[in-house]
Amino acid sequence: MDSSPHHQDTNNIDSSFDNYQDNKEIIVTPWEVSGEIEDRMYIKLIEKFGTQGLSQDLIEKFRKLTGEVHPLIKSQYFFSHRDLDWLLTKYENGDPFYLYTGRGPSGFIHIGHILPWLFTKYLQDKFGSKLLFQFTDDEKFLYNPRATRETISKYTAENILDIIAIGFQPNLTRIIIDTQHINYLYPIATEIAKKITFSTAKAVFGFTNTTNLGMIGFPPIQAAPCFLPSIIEKKPTPVLIPAAIDQDPYWRITRDIAVKLGFYKPAQIHSKFLPSLSRISKMSSSKPETAIFTTDEPEIVEKKVLSSFTGGQATISLQKKLGGNADICPVYAYLRYFFDNEKESLERYIRCKSGNLLCGECKSDLADNTKTFIIDFKRKREKAKDKVKDFMFDEKCLQ
Ligand code: TRP
């Protein structure tokens with residue numbers, strides 16, 4: 001296999017960066033992200049995965065079409081892509097694109113999950129795109145030894161409410177639940193599966209002899225929605241996948257076989273991970289005390305934020321003397337990506353670095369903003385209960 005990232009998407013990925021910054025090890029696969037997350041890591045990921053950074057030219061092209069640069073692009077929360085320039089050129093030439101994204105329903109939704117979806121909604125509104133939203137309930141059942149079908153089904157139903165609460169347009173959005181809508185995916189998945197060897201899957205996903213057979217067979221199911229739009233539209237149809245960069249292995253194998261099957265390669269725009277409130281790794285549902293869930297009561301939200309890790313010094317006098325470290329501060333990151341505008345964020349950064357801002361102020365800003373956000377989101381989530389049926393994929397989508 002050609003190991004040059006620029007010639008082939010499917011590289012032999014060594015998913016652990018052993019020598020990353022001397023002693024810091026970081027692991028990024030679709031099922032595991034661990035290690036300390038720092039901005040430098042993302043530059044490494046672009047190299048390792050063979051994706052492209054978002055260039056100024058591309059951002060400019062985006063701006064021409066949307067009239068502005070979205071804050072999540074400006075702040076480099078979305079930092080990498082594949083074929084986004086191609087997709088936008090197609091759009092300019094009158095070829096609309098589908099959006100495709102998804103969720104592995106392994107627990108409740110925390111606010112780290114929400115950002116890529118808010119951006120996906122923005123793209124839907126700006127470009128009038130249809131969206132396929134996949135729930136990989138099979139993947140989450142197969143991956144976690146302790147997961148039962150019942151708990152995964154419960155989380156699927158709960159998470160669907162969050163997706164609807166994001167505000168996707170019902171006439172343009174369809175949810176696919178793998179175990180319920182498999183008949184629409186399976187014919188495509190078999191075509192995909194037939195073209196991918198076990199040897200490639202091992203190299204890309206890190207499967208071993210102890211990986212269960214379900215997991216080994218799963219990747220084509222997540223690849224299938226990349227091609228479903230072409231089947232719905234009865235012609236090759238461009239697809240853009242907004243997702244965190246840990247999902248990239250799926251798109252590498254999909255892109256490698258797309259043309260052989262008569263489809264376009266799916267384009268991607270990759271986000272960073274939002275750090276957890278303890279900074280050790282990305283926000284994770286398996287460490288509930290460091291994640292803010294959309295189902296948390298406002299008092300719990302406040303408590304979690306106030307006990308968050310920050311980039312501050314040990315004492316007030318040290319903070320005043322040395323300044324804080326906003327670059328590693330999850331509180332700063334949440335304010336920056338969710339609530340502050342560009343100017344506010346920059347001012348906060350400067351005040352922090354110069355020792356003129358204490359962590360208590362940032363924490364209380366974040367707690368206030370997050371509480372307001374969650375109260376509003378919960379209301380939308382409640383309303384979503386009546387709308388579930390409108391969002392489900394069905395036979396009519398193919399007519
Ligand atoms: N595997 C993803 C997860 O565990 C869920 C998913 C399915 C997805 N299809 C997707 C994510 C497309 C992003 C884009 O969360």
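Two strands count as paired if DSSP finds at least two bridges between them. The exercises below apply this and a few other cut-offs to a predicted model.

**Exercise 1. The sheet**

Find the order of the strands in the sheet, and state which strands stand at its edges.

Solution. Strands of a sheet pair through backbone hydrogen bonds, either parallel or antiparallel. Step one is to follow the pairing from strand to strand: 7 strands form an open sheet, in the order β3-β4-β9-β8-β5-β6-β7, with mixed pairing. Step two is to look at the ends of that order. β3 (52-53) and β7 (173-177) each have a single partner strand, so one side of each has no neighbour in the sheet.

**Exercise 2. Strand β6**

Work out how β6 is joined to β5, and decide whether the faces of β6 are covered or open.

Solution. Begin with the pairing. β5 and β6 run parallel and are joined by 5 bridges. Two of the partners can be named: Tyr100 is bridged to Leu132 of β6, and Thr101 to Phe133 of β6.

Next, take the cover. A residue is buried when its relative accessible area is under 20%. In β6 (residues 131-135), 5 of the 5 residues are buried. Sorting them by side gives Leu131, Phe133 and Phe135 on one face, and Leu132 and Gln134 on the other. Both faces of β6 are therefore covered.

**Exercise 3. The ligand**

Describe the shell of residues around the ligand and its polar contacts.

Solution. Start with the residues. There are 14 around the ligand, and Tyr100, Gln134, Glu139, Gln222 and Gln247 come nearest. Sorted by class, the shell has 4 nonpolar, 7 polar and 3 charged residues.

Now check distances against the cut-off for a polar contact, a pair of N or O atoms within 3.5 Å. One nitrogen atom of the ligand is 2.9 Å from a side-chain N or O atom of Glu139. A nitrogen atom of the ligand is also 3.0 Å from an N or O atom in the side chain of Gln247. On the backbone, a polar atom of Gly104 is 3.0 Å from an oxygen atom of the ligand.

Then consider the cover. The ligand taken alone exposes 370 Å², of which the protein buries 91%. Finally, assign the shell to elements: β5 (98-103), α6 (137-143) and β8 (239-244) each give two or more residues. β5 gives the most, with 4 residues.

**Exercise 4. Two residues compared**

Classify Trp86 and Ser345 as buried, partly exposed or exposed, and list what each touches.

Solution. Trp86 is found in helix α4 (residues 84-92). Its relative accessible area is 27%, so Trp86 is partly exposed. Leaving out residues up to four places away in sequence, Trp86 touches Pro238, Tyr264 and Lys265. Trp86 and Ala267 are 181 residues apart in sequence, and their C-alpha atoms are 8.2 Å apart.

Ser345 lies in helix α17. Because its relative accessible area is 6%, Ser345 is buried. With the sequence neighbours up to four places away left out, Ser345 touches Tyr332, Arg336 and Asp340.

**Exercise 5. Helix α16**

Determine how many residues of α16 are buried, and which elements they pack against.

Solution. Count first: 8 of the 10 residues in α16 (residues 330-339) are buried, and the helix is mostly covered. The buried residues are Pro330, Val331, Tyr332, Ala333, Tyr334, Leu335, Tyr337 and Phe338. Then trace their neighbours: these residues pack against α3 (71-74), α5 (111-127), α17 (342-353) and α18 (359-384).

Notes:
Residues are numbered from 1 along each chain as its sequence is written. This is a predicted model: local features need pLDDT of at least 70, side-chain atom pairs count only at pLDDT 80 or more; totals for chains, interfaces and linings use all residues. Side-chain values use heavy atoms; hydrogens and water are left out. A residue is near a molecule or strand if one of its heavy atoms lies within 4 Å of it. A polar contact is a pair of N or O atoms within 3.5 Å; within protein, one must be able to donate a hydrogen and the other to accept it, and residues adjacent in sequence count only if both atoms are side-chain atoms. Accessible areas come from the Shrake-Rupley method with a 1.4 Å probe; for residues, only the protein chains shown count as cover. Ala, Val, Leu, Ile, Met, Phe, Trp, Tyr, Cys and Pro count as nonpolar, Asp, Glu, Lys and Arg as charged, and the others, Gly among them, as polar. Buried means under 20% relative accessible area, exposed over 50%, partly exposed in between (1.4 Å probe, protein chains only). Contact means heavy atoms within 4.5 Å.
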